[in-house]
Structure formats: C-alpha cells, structure tokens
Amino acid sequence: MSRENKMIDFKSAVIVEKLCSITMDVEVSENIVADEIKSAFSRIQQEVKIDGFRHGKVPMNIIKQKFAGEAKDRVVESIIKKTVLDALKKEEFISVGFPVIEEFDYELGQTLKYRFTAERHPKIEVKDYKGIPLKKEIFKITDKSLEQNLEVLRERNAKLVPSKSDKVTDKSFVSVDYDAFGADGKELPEIKAKNYIIDLNSENTAKEFKEALRGLKTGDERDAKIEYPLAYPSEILAGKTVTFKIRVVEIKEKELPDLDSDFAKDMGSENLEDLKTKVKEAVEAEERRRQDIDIEKQIIEYLLEKNKFEVPQSLVAENEESLIKKMKNYMKGQGASEEYVEKQVRLGQEKFREEAEKKIRLSYILNSIFKNENLTVTDADIEEEKSKMKTSNPGRESTVDKYFAEKKEDIMLSLKEQKLFGFLLASANIETEEKNMLLKKDEDEK
C-alpha cells in the first residue's frame, strides 16, 4: 500500500446523531501529523523551481520557510480525506455525498482536530399506505356540456372579418398602430407597433387600452396612459409611465363557422354526428386524465401527511436550486427583468424549500413501498410498453426502438411509477360520486 493511501490512526467521537445526519470530532496526534508534514515538504521540494537552484535540489530550510502554509494546507486536506470516511465506517454510517467539514484546528507541530457533519438516507417504515381513503368525482358529459364544447371548437376556428359596426365595441378586435412615449415625452422606439390586434373582450388587455379605444372609428386617434409597477415582468416597461398614441387602422369582429357538415369535414370528420362523437370521446378522455391526476394528488398528499420524517438537507438544497433555476429560466423567457426575477425568488424562498423537502420525502416513501411490496419492472414490461407504442405509431417502429434504447432508464422510472400507483389504487378505499359536467358559467362562479 502506498503512503498516499495508507490508513492513519486517529481518535473520533460522535457529538450529535440524528435520523439522517451525524456530527463527529476527529483528532490526529502531532506525531502522525509531523510525519505527514515531512512528506509534504519532500513532495514540494521535488516539485518547485527556484532561481539559482537545480530542480529538486532547493535546500529544505528554504522550502520550509517559503512553503510552510502550502504544506499545512496539503496535510490538512490529505489527513481529512484519509480519516473522515474511516470515522464514519467505525459508526457504520453510510454517507450521502462527501461530509461537510464544519471546523478544524491545526498549527504546525500540534495535534490536528476537526469536526464534520455527514448525511445518510433515512431508514423509514412507511405507515398507512394500504386502504388510502380517496374521493373520486366523475363528471359525465351532458347534451349541454357537449354543445358548449362544440361552441369552443367553433370559437377556435373563427375568422376575423371587417366589423359590421363602424365603432369599436367591447367585443371588437381592433387593428391599431401606436407609438409610445415616456414621462419625459421622449419616444420609446422599442415599443411602437404596426397593425397590432387588440382583443377588447380579453381579460389580458389593459383597461386603459379598452377605455381609450371604446367608441372610436377607423382612422380615429387617442392617447392611453399606463403606469407600470416596478414589479412588472417586462424590463422595458417596469416602473415607467408610458403614453401610447393610438390610431385605429381597422375594426374587426369574429365570424364563427356554421355548425354543419362542411365544418365537420374541415375538422376531419365524416359528418356532423361523427364530429359530435369525436368531441364527446375527447372530452371523456380528458375527464379520465383529470380524474387520474386528482386521485394521484390525493394519494401523494395522504402519504406525506401520514409520513413525516427528516430528510438529508443537502438533497433538499439541491432540489430547491433546481426548482429556482427552472422558474428563473421560465420568467426570463417571458421577458421578466433580472431584478424582478430575483425578487420573486426571494419572496418564494420558503415555498421552494417546502416543495423541495416534500419531493425528497415523497421519493423515500414511494421507494420504500415499492421495495416492501416486492414490486418490479421487468424486461417483459418494457417490451410490452414498446409494443403498445409501435401499435399506436405505425410505420415508425425503428424510431420507437431508438427511443427505448436511448431512454430506457426514464421509461423504467415511468413504469415503476405506474406499477406503484396501480398497487396503491388497487388497495385504496374509493368513494365515487357522479355529477354532470360543469358548464362554463358554473366554472366561472366557482
């Protein structure tokens, strides 16, 4: 065994031990450290180049004078690496990641002392995962809700045509040109627009625009002044007072297609009845997805409520950072300023931490159940999933094979999740209630 890898004698003591962490003190005698220091100086002597001396021949007194600090740092790092894992091994503690050195105390010629904290996966017994009480609401599609969904389909396929009214109304779509000016009267060229469509019926349209445009005719002009808050997502507009000089280019309105066979054929159906059948099937499929999502959410919330335990904080911090990064990327992609994004991160810090902790705790709970119940994902399961995908993607068999070869681990995790939630659902106590599907006006009132 090389000197670099040899074991070092040390004393250690547990200061604090918790479910998933341990804090220990380690002490290495001055004699052992002295040997390590001597070796460190020898290595430095072989490495350094100093004018006036041949490589590797610098006198040791000069080495000790010039490189005492470096030798000390090397020794501290080396001894910690050689002892910290052995200290954990003595306590039969399997660490998650490398331990964190909390503090150390060492001067040349003295005993080296340091304290560290390490984390481990918690050993847990998951409680109350069989017979989970669930409430399943089943919304049945009615003639009225089908009719409403057909209207939504018509709305999505509507065309904008010249308005029959010569004035802007609350339901108008207005094509406008506008120039923007700051509070000092200077033009803001980055904000100007040509033939910009404004939907006066949209909740997202600024009320100042609606008020300015209402009642205008083609060719009319009017100003709209908007005071944007400092927290406004757009860096260009945040905290500014902007005056928009608006000119109406054209007034338009929606023209919905007739609900007839021609429309049905445009939608890829044989006739109107076929279209109604397809829309009903799509709504029912979406309803089943909603039920599955709601049931899974109930299961997760129940398990988290019934199983509260400490988890490694390093994993929580790592997951929290991932959540924050994801939010930052999304907000910046929407044009939010750096200042605004950082403010939202600060405001949501506690929420991110809580969400990350729940995610890590849930992973331990689910993995424990999977292991306790001897659930497995086999090669046969993967082949069956591959076969299903090939059936639903005719002519793309080679693409499916490539996808499964490249994403096998992700597919296994997905199948593992399916099996686990299938097991939990099979043993759950489900109370079912059937209701008529809510109409749009009822949803708004809720």
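**Charges, domains and backbone of a predicted model**

Colleague: Which is glutamate 270, buried or exposed?
Modeller: Its relative accessibility is 64%. Buried means under 20% relative accessible area, exposed over 50%, and partly exposed in between, with a 1.4 Å probe and protein chains only. At 64%, glutamate 270 is therefore exposed.

Colleague: Which numbering and confidence limits apply to this model?
Modeller: Residues count from 1 along each chain as its sequence is written, and side-chain values use heavy atoms, leaving out hydrogens and water. The model is predicted: totals for chains, interfaces and linings use all residues, side-chain atom pairs count only at pLDDT 80 or more, and local features need pLDDT of at least 70.

Colleague: Where in the chain is glutamate 270, and how many Å separate its C-alpha atom from that of isoleucine 94?
Modeller: Helices (H or I, at least four residues) and strands (E, at least two) are DSSP runs numbered from the N terminus. Glutamate 270 sits in the loop between α5 (261-266) and α6. It is 176 residues from isoleucine 94 in sequence, and the C-alpha to C-alpha distance is 65 Å.

Colleague: How many Å separate the C-alpha atoms of glutamate 284 and lysine 140?
Modeller: Glutamate 284 belongs to helix α6 and is partly exposed at 31% relative accessibility. Lysine 140 is 144 residues away along the chain, yet the C-alpha separation is 7.8 Å.

Colleague: Which residues does UniProt list for the Trigger factor C-terminal domain, and what is the helix content there?
Modeller: UniProt positions follow the numbering used here, with shortened feature names, and annotations may be inferred rather than shown by experiment. The unreviewed entry places the feature at residues 272-421. Over that span the end C-alpha atoms are 39 Å apart, strand is 0% and helix is 85%.

Colleague: What strand content do the other two annotated domains have?
Modeller: The unreviewed UniProt entry places "domain: Trigger factor ribosome-binding bacterial" at residues 16-152 and "domain: PPIase FKBP-type" at residues 167-248. Residues 16-152 have end C-alpha atoms 62 Å apart, with 43% helix and 23% strand. Residues 167-248 have end C-alpha atoms 10 Å apart, with 9% helix and a strand content of 38%.

Colleague: How many salt bridges does the whole structure hold?
Modeller: A salt bridge here is a side-chain nitrogen of Lys or Arg within 4 Å of a carboxyl oxygen of Asp or Glu. Searching the whole structure on that basis gives 35.

Colleague: How many residues apart are arginine 214 and aspartate 170, which form a salt bridge?
Modeller: Their closest N and O atoms are 2.7 Å apart. The pair links distant parts of the chain, with arginine 214 in the loop between α4 (207-213) and β9 (221-227) and aspartate 170 in the loop between β6 (159-162) and β7 (173-181). Arginine 214 is partly exposed at 39%, as is aspartate 170 at 42%. The sequence separation is 44 residues.

Colleague: Why are glutamate 273 and lysine 276 separated by about one helical turn?
Modeller: The two side chains meet in a salt bridge at 3.9 Å, N to O. Glutamate 273 is exposed at 52%, whereas lysine 276 is partly exposed at 27%. They are about one turn apart because they lie three residues apart in helix α6 (residues 272-306).

Colleague: Which residue forms a salt bridge with glutamate 305?
Modeller: The closest N and O atoms of this pair are 3.6 Å apart. The partner is exposed, at 59% relative accessibility. It is lysine 308.

Colleague: Which residues have a positive phi although they are not glycine?
Modeller: Most residues other than glycine have a negative phi. Aspartate 128, with phi of about 55°, is in the loop between β4 (112-119) and β5 (133-140) and is partly exposed at 41%. The loop between α9 (349-372) and α10 (379-392) holds another such residue, which is exposed at 65%. The residues are aspartate 128 and, with phi near 55°, asparagine 374.
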